[in-house]
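Reader: I am in my first year of study and would like to examine one part of this protein closely. Could you please take me through a charged pair of side chains and then through its surroundings?

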Amino acid sequence: LYTNEVSPEFLRSLNDSPFTDQQVAQFDEQAQALVRQQQAYVIAHPPVAVYRWATEGSQTRNGGVVQQTTATLEFTLDNGQKVRVARKGDDVMYADGSTAQIMTGAGQDYDHLALVGSYLTNGDQIINSPQGSALYVVREGVTMAEDFLPSITG
């Protein structure tokens, strides 16, 4: 299971280009300009944190598990199992049969998808995800949307 905890080396690796200099040299001028623009952006705004998308099988601090989700976005885990991403409003089940709903997520811009760190209606919080490849990357100097994982006061 994966959390949002990552090493400084991992964060730095998020800026690695998928293209070699030789590959970029073979691109047309417009594509080269786009790659250069993206490279300048990632240098100006280095990654400072990540949030993993919560999916079926994600667990909460108090022992809840995301069982079934309403989103259609699906990930294939390393073991071949397919899981769907969770969304705000989806249920989390507990061993005693009780449920709570996910009440915070990545916000409207991301279809209110749930993240490791999302809060539930009972005050619990999602702490891990069975998928480790899909991330929301927080970058230095880039403002987060107001509805991105809002704090819960009560």
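**A salt bridge and its surroundings**

Author: Glu 56 and Arg 84 form a salt bridge, in which the closest N and O atoms are 3.6 Å apart. Please bear in mind that the model is predicted. This pair links distant parts of the chain, for the two residues are 28 residues apart. Glu 56 is found in the loop between strand 1 (47–52) and strand 2 (65–66), while Arg 84 belongs to strand 4 (residues 82–84).

Are the two partners buried or exposed? Glu 56 counts as buried because its relative accessibility is 17%, and buried means under 20%. Arg 84, with a relative accessible area of 24%, is partly exposed.

The whole structure contains 3 salt bridges. Another of them joins the side chains of Asp 111 and Arg 87, with 3.2 Å from N to O. Asp 111 lies in the loop between strand 6 (99–101) and strand 7 (135–139), and Arg 87 lies in the loop between strand 4 and strand 5 (91–93), so this pair ties together parts that are 24 residues apart in sequence. Asp 111 is partly exposed, at 43% relative accessibility. Arg 87 is also partly exposed, with a relative accessible area of 22%.

The salt bridge between Glu 9 and Arg 12 has its closest N and O atoms 3.6 Å apart. Here both residues belong to helix 1 (residues 8–13); they are 3 residues apart and therefore separated by about one helical turn. Arg 12 counts as exposed, at 53% relative accessibility.

Let us return to Arg 84 and consider what touches it. One such residue is Leu 73, which also touches Val 83, Val 85 and Leu 113, leaving aside residues up to four places away in sequence. Leu 73 sits in the loop between strand 2 and strand 3 (74–76). With a relative accessible area of 41%, Leu 73 is partly exposed. By contrast with these contacts, Leu 73 and Gln 23 are 31 Å apart in space, C-alpha to C-alpha, and 50 residues apart in sequence.

Val 85 leads onward to the nonpolar interior. Among the residues that Val 85 touches, not counting those up to four places away in sequence, are Trp 53, Ala 54, Thr 55, Leu 73, Phe 75 and Leu 113. The largest nonpolar core has 14 residues, and Val 85 is one of those that touch the most other members, together with Trp 53, Phe 75, Leu 115, Tyr 136 and Phe 148. There is also a second, separate core of 11 residues, which includes Ala 54, Val 92, Ala 114 and Val 116.

Which residue of the loop between strand 6 and strand 7 deserves attention next? Gln 131 is placed in that loop. Gln 131 is buried, with a relative accessible area of 3%. Its side chain reaches the backbone oxygen of Trp 53 at 3.1 Å. A polar atom of the Gln 131 side chain also lies 3.0 Å from the backbone nitrogen of Ser 133. Beyond residues up to four places away in sequence, Gln 131 touches Tyr 2, Arg 52, Trp 53, Thr 55, Phe 75 and Leu 77.

Trp 53 and Phe 75 thus appear in two settings: Gln 131 touches both, and Val 85 touches both as well.

Key:
Residues are numbered from 1 along each chain as its sequence is written. This is a predicted model: local features need pLDDT of at least 70, side-chain atom pairs count only at pLDDT 80 or more; totals for chains, interfaces and linings use all residues. Side-chain values use heavy atoms; hydrogens and water are left out. A nonpolar core is a set of buried Ala, Val, Leu, Ile, Met, Phe, Trp, Tyr and Cys residues joined through side-chain atoms within 4.5 Å. Buried means under 20% relative accessible area, exposed over 50%, partly exposed in between (1.4 Å probe, protein chains only). Contact means heavy atoms within 4.5 Å. A salt bridge is a side-chain nitrogen of Lys or Arg within 4 Å of a carboxyl oxygen of Asp or Glu. Helices (H or I, at least four residues) and strands (E, at least two) are DSSP runs, numbered from the N terminus. A polar contact is a pair of N or O atoms within 3.5 Å; within protein, one must be able to donate a hydrogen and the other to accept it, and residues adjacent in sequence count only if both atoms are side-chain atoms.
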